[in-house]
Amino acid sequence: MLALAPWFYPALAGGLGGQMTSVLIICIAALGLNVMVGFTGFLHLGIASFFGLGGLFLAILTVPMNPLEIGFLPAVFVSVGLTAAIGTLLGSPTLRLRGEYLAIVTLGFGEVVRVLFLNLENVTGGTQGLGPIPPPGSGIFVTGIDLGREFVVDSRWFYYLSLIALFVVVLLVRVLEKSALGRAWIAVREEPLAAATIGISATKVRLSAFTIAAAIAGLAGCLSVASIGTTGDPNAFGFNRSVAILCAVIIGGLGSIPGTLVGVTILFGFDIVVIPSVDSWMQRIQGQVFDVSLFTLGSWRLALVGIALIVVMRFRPIGLIPSRRFAAEFQESKQ
Amino acid sequence: MDVASFLQQCGIGITSGGFLGLIAVGYTLVYGTVGLIHFAHGDVVMLGGCLSLAILSFLVPVPVDPLTGCLVVVLAAACSGLFCGCLNICIDQFVYRPLRNAPPLSPLVSTIGVSFVLMNVGLIWIGPTDRAFPEIFLETTRSVGGFSIAMADLLVLVIVVPAVLCLYVLLRQTRFGRSLRSIAAITRVTARSGEAGKLVIATFFLSGFLGGVASVAAGVHATTINYQMGHQMGLYALTAAVLGGIGSVPGAIVGGLIVGLIRAISVAFLGPRWAIASVFLVLIIFLAFRPQGIFGKSKTRGGQR
Amino acid sequence: MRSNWFCPQNPPPFRLAWSVVVCLTIGLNTCGCQKIESNRVCLVSSLPRTGVSRQVSDEVVRGIRLAIDEVKEKAGRFTLEYRDLDNSAAASGRWTSEGEAANARMAVQDPNVMAYIGTLNSGAARVSMPILNYADLLMVSPANTAVGLTKPGLGLPGEPNVYRPSGKLNYIRVVPADDLQGPLAADWAFERGVRRVFVIDDAGVYGRGVASLFADRCREQGMAVLEHVSIDPQAAEFKSFVGSVMSADPDLIYFGGSARTKGGQLARDLVSAESEAILLVSDGCRTKAFLEAAGAASLEGRCFATSAGLSPEQADCNEKLLFLRYRQKYGTCPSNAAIHGYEAARLVIRAIADVGVKDRRAIVESAFASQVDDGVLGQWGIDANGDTTLQEVSVSVVRGGEFVHEEVMSTAGIGKKNGSR
Amino acid sequence: MTHRENTKVSEGAVLSPDIPLLSIDRLTVQSGGIPLIDELELDVSAGSSVAIIDSGRGSKAALLDAICGLRSASSGSVRLDGRRLKQGFSAKTFWGVLFTGILVGLLCAAAAVDIDRLWLAVVKRGLVVDEPFTPANFGRRLRSYFRAELAIDRLAGNWRIVTADGREVLAVRRDLSEARELRNQMQAAVTARRTGPGVVPDITDLVGDANEPQRELLLDETTLDRLAAGKRRIRFRGWSAFICGLFLGVGMSLAIWQRGRRSPEVAARAGVARTFRSPRNFPAMTVFENILVTVEQGIYRKSSAWWPHINKANCIERTEELIRSVGLIDQSFSFASDLTRYEQRCLGIARGLAMDPRILLIDEPADGMNTQQQHALAGILKDVCKGVLTLVVTSAGNDPVALICDRTVHLSPH
């Protein structure tokens, strides 16, 4: 049904489709974060930097400004691999730290990556970003129409691409969760001491989660960068983005995949989709009024998002759709 | 780079490190009592800066002589300190207290929500662009020996040093301080249970107050404020708190000084764009060697979570 | 049976999750005027409407609305509808590439949209140009000054053709590119007898570009470029950095950047460090915000700003129709941003009126062909690259707390100097 | 300190004369200066079972913690088969440390030679003067960067002669050929200056005269020296940074390794299993999962493969068998947090067994149980472990569980 929706609603071909696409893409990144925060229970404040890294690698590999213009798919694979590798390298020294310290280290890593993006202008393009990135189908002609053009002009194509990717990632995460590794993650989250005494090396387990999170976020980054056409302003990969994704995961319900999806859909749907459309709608009804300084939701976005977060946490502290595990754990910790 | 200018950088670093330390103390106190990283703290400080901007531009429209300047600034610091303290208490009572025994990450989200709201308030209050702090002194710098000292930095010291001393006295000599330290020493469960509610309120007020004082210092030091300032300084201060070992007050002060120094020196040597990166790199390397920070206590029983 | 031993959670929430997504899809499909209406034309602008750039974009939008107001919302037989899209996001108070791309796609997919006014930042233009180009939609920028967007061989390798995947041109800017402003500023400094310059930029596309062009021209002129440094626009203050500037002891300090990227803070710190050097800033700083942040009093008579075209203060406020209307509507003189917005909108409206049919290609062509005689910025047209033919840069100085026109430089100067070498 | 020992010969007790499985030597554990355990000597021979009896709470738990590495002893040693429960410096560790060191070194070197400028010089400039991106060109540009040779760059139609890192612009020309020629002259001058005395090309046209300095660029002595020194500088920077990074990385990884040496994981890998008095099961996992995860970990522990294959069916077999043996078969799909205290303790023991360890430390199994539960536990322990694996049980007094052991040790700090 969701897959068919775009055909019924041509509005999706336009900006709305693009906005929905970015929501889906952030869903992917959030699933990655959920592996780290939800399953192994460690606070990770730097997910957006991996998001950005994935996109950056894709851009470096594909843009016409750089000599090595390899195709879209291989570029995606390579950049996801590189992101995962970087995740491992960062994780291995730092993952022995205690919760808050690890959180700050991930935060710091995020900032360092952002600063690198900003300052290595020749590599990353600085604030202007790298672009335009040739769309997946560029150069391929199907019955006379250029697929690349379709990808660029009509956002439904990327909508589908990210939808498929989302399904794949959901399946992957579910499989992982049910695997031995997944059980080890949850063991570490629930009872670190006991987990240690049965020989689960918390560091290794967490490292695996960290790497997987990085890889998934990198994939999301690739998709986002490709759908936008440029890496854009590196500040978009900074602390704010990380924190927003984290909030989405937590209000959705830690450790539960549907919860994550709902959380992202609500939070980012609100920020990316609802507010702009409400604003444009309000403009159309106030079309006659020529005063520009009329009230727009946009200027209150931050407050609205913030209040939404506070309220949700106030009334559903364990998230909207908590996983049964997490709920049970919460009960346990209460008594 | 010659010695004089190097010393000058160190001076700048120490002054900026001073108020970073004060803000860091705010983080560390709240963490010590309710075990919460209070992400909104930086934005509370930002609002304090807005208030002090209003006060100062009302009181000193034109530059004045040093003594009155200092008095006015101290007054402003006190006002915004009170304001931030009360603001902090309100935030705690209305937002965090209901979540005392929620899962550990939920209050974190609320703090982020609060910080968004506060940031937006600041945006509405002082607008999106930088706002200049009024000139307070007639002479902006005074050259002593080889290198010149900005009056603003002296002023920052005038604000910060007494604050730190008062804090020390408060924590060492008074009953409040002792019980606070004991709580920070024992687990936080006591703080969650109702009987320590007063203590929690006091803690939030104290951290807010220090934040407010620091905000004036920050404004005087940077000479402009904007609504995203809180986010920036919050990051630095949080880093300072962690570097010093989160939960320990002297650690926060020392961490603040270190962060300030690193920042100033990296600005001088590597250029302004690498400040944040170098601070965080130093943090990461340091934690690899000493994972519990400078003054932090290492947990004996397998230290996860 | 055994399978769910391993995971004690049950799938139903999934359906819930998906249905939420679907509901959003259904609920929001109403936005965007989809049905083709024979006598209505949409005119969209995509600017950062929240956060740091709010002030500037507000002024641009005022200009646009004024232009539409002038023609009573009529362009030929069409009634104009103006939609003011936002390309910035809440979390970061600046333009986001997602927002920009979404706006561009919305405009492309809406058959009524015939022109796209934007963007404020050259970086954002890089996002939307290829999209709009594929759809042959006219894009008029009131503020992009990055050289590579239009001029072949001047920007990055491959520019500007990478932005023109369809091979046709559709991008016009009513504001001269940096390669006019930077060098002319250098010439001005040279004529003032400046010999030692210290160049600073904000590490942005615009700032970096204009600053390095200024620096190069200075070298050509034989002035000593002591250093060319990029500041961190996120930093709170530049005290320690200013120290190193002072130790270089320049005659003139050039800042390429805007008030949004800490231009004001920098100026303030420079002054408070008691530098005797004159301060020359690019047109991004020629705003009230800059003066507020820097403290106008301290800059009195020693801070100069270049701006493309004739500066508004030069023509006093009652001369031109625009100024009159703008005054009576908003009570102030229009800033450069407002004027450029106004000109962009006027260009578009004329093009639409001339063509008279909803044919995007035709509108683009007539826009390229258009020639403005009664422009606020003087007489100008559009050259083959889509650049304005405007060749003046006006220098203004801070007096009495605001920028006052000083003199006009023109590219004639550059030609002369080139001849002499 | 005295240990009153009374060994009673019970049927099936394995009294092994050879070296004991677990040997504790003069172990002292303190918390906050107060000695919980003082100079304890204890040997447990393989297959035997020991009950450690003490009325106080802390010291028993402290002993078990010290054995399984949750708490570090202030003096003395714990040996399993005569080997200390500590991670040795294996070849794997060595390579890991070395790898980290080299990696950090490379990062530092990249930062020192300014990777950004390197990219500019190697990738971007080639495109500017559009020469094809071939390995040959790549190598040439790389070398010329590390030789700090002058290069040609473009900005908005101006051809500029710049230093290799593009920081310093020496001259600006309007057409390429002119710039090229000038660049070659200057490069020749710089090389001559670097290689010292020898044939010095005529560079007077480069050194403009001071009277009319405006138009022509100045390549004065100091500039020449600076440029000539460029090669040495960049090499020096790169190498020194690499060395520093190497040491830093090695130091970091060694520090981390040192910290991780004496950790419960190590003890567990060596075959020490331990249950807690407050049974630390995984509350939000079903009983089944609780045991399954432990079984899997046991298999991981045993297999030396990098990615050991787990036969799911076998795991499930073993799990069910264990559940049955502790009599939790009815609760096997309820969350551990829903179990009664007794059941939780059973689960804890089952988890201990699931690792199939060489020695099992059980912390106060009898604590908070009524007598028939104690007897039940005793029964379980008896028929599950007795004679099969070594057992160390702590308890507060001579309760049934303690009584099944071969011998009892009273550690009583006087």
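Trainee: How much area does chain A expose, and what share of it do carbon and sulfur atoms supply?
Mentor: Keep in mind that this model is predicted. Chain A exposes about 9500 Å². The share supplied by carbon and sulfur atoms is 72%.

Trainee: What percentage of chain A counts as buried?
Mentor: A residue is buried when its relative accessible area is under 20%. Chain A has 335 residues to sort that way. The buried part comes to 75%.

Trainee: How many helices and strands does chain A have?
Mentor: Take the strands of chain A to begin with: there are two. Then take its helices: there are 15. So by DSSP runs, chain A has 15 helices and two strands.

Trainee: In chain A, what share of contacts between residues at least 6 apart joins residues at least 24 apart?
Mentor: Start with the contacts in chain A between residues at least 6 apart in sequence. Among them, pick those that join residues at least 24 apart. That share is 75%.

Trainee: At what angle do α3 and α5 of chain A pack?
Mentor: Two packed helices are described by an angle and a distance between their axes. Helix α3 of chain A covers residues 47-62, and helix α5 of chain A covers 99-119. Their axes are 9 Å apart. The angle is about 35 degrees.

Trainee: Which residues of α5(A) does α3(A) meet?
Mentor: From α3(A) come Ser49(A), Phe50(A), Gly52(A), Leu53(A) and Leu56(A). By class, this contact has six nonpolar, three polar and no charged residues. On the α5(A) side stand Phe109(A), Gly110(A), Val113(A) and Phe117(A).

Trainee: Now chain D. How many helices and strands does its secondary structure have?
Mentor: Chain D has 414 residues, and 51% of them are buried. Chain D exposes about 19300 Å², with 58% supplied by carbon and sulfur atoms. Its secondary structure comes to 12 helices and 13 strands.

Trainee: Is Glu364(D) buried or exposed?
Mentor: Glu364(D) sits in the loop between β11 and α11 of chain D. Its phi is positive, about 45 degrees, although it is not a glycine. Its relative accessible area is 4%, and the cut-off for buried is under 20%. Therefore Glu364(D) is buried.

Trainee: Why is α11(B) called oblique to α6(D)?
Mentor: Helix α11 of chain B and helix α6 of chain D have axes 8 Å apart and pack at about 40 degrees. That angle makes the pair oblique. The contact is made by Ile285(B), Ala288(B) and Phe289(B) with α6(D) residues, including Leu248(D) and Arg259(D). By class it has seven nonpolar, one polar and one charged residues.

Trainee: What is the handedness of the crossing of α2(C) and α12(C)?
Mentor: Helix α2 spans residues 54-70 of chain C, and helix α12 spans residues 336-355. They pack at about 40 degrees, with axes 7 Å apart. That makes α2(C) oblique to α12(C). The crossing is right-handed.

Trainee: How do the residues of that contact between α2(C) and α12(C) divide by class?
Mentor: Val56(C) and Glu59(C) are among those in α2(C). Tyr342(C) and Arg346(C) are among those they meet in α12(C). The contact divides into 11 nonpolar, two polar and three charged.

Trainee: Which peptide bond is cis, with omega near 5 degrees?
Mentor: Look in the loop between β4 and α4 of chain C. Thr119(C) is found there. The cis bond runs from Gly118(C) to Thr119(C).

Trainee: How many residues of helix α8 of chain C are buried?
Mentor: Helix α8 covers residues 263-272 of chain C and is mostly covered. Among its buried residues are Gln265(C), Arg268(C) and Asp269(C). Glu274(C), with a positive phi near 60 degrees, follows the helix. The buried count is 10 of its 10 residues.

Trainee: Which residues does Gly204(C) touch, not counting those up to four places away in sequence?
Mentor: Gly204(C) lies in the loop between β7 and α6 of chain C. At 13% relative accessibility, Gly204(C) counts as buried. Its C-alpha is 9.6 Å from that of Ile231(C), 27 residues apart in sequence. The residues touched are Thr127(A) and Gly209(C).

Terms used:
Residues are numbered from 1 along each chain as its sequence is written. Chains are lettered from A and ligands numbered from 1 in the order in which they are written. This is a predicted model: local features need pLDDT of at least 70, side-chain atom pairs count only at pLDDT 80 or more; totals for chains, interfaces and linings use all residues. Side-chain values use heavy atoms; hydrogens and water are left out. Helices (H or I, at least four residues) and strands (E, at least two) are DSSP runs, numbered from the N terminus. Buried means under 20% relative accessible area, exposed over 50%, partly exposed in between (1.4 Å probe, protein chains only). Accessible areas come from the Shrake-Rupley method with a 1.4 Å probe; for residues, only the protein chains shown count as cover. Axes are lines fitted to C-alpha atoms, for helices over the stretch in contact, and angles run from 0 to 180 degrees between N-to-C directions. Angles under 35 degrees count as roughly parallel, over 145 as roughly antiparallel, 65 to 115 as roughly perpendicular and the rest as oblique. A crossing is left-handed if the near helix is turned anticlockwise from the far one by less than a right angle, and right-handed if clockwise. Contact means heavy atoms within 4.5 Å. Ala, Val, Leu, Ile, Met, Phe, Trp, Tyr, Cys and Pro count as nonpolar, Asp, Glu, Lys and Arg as charged, and the others, Gly among them, as polar.
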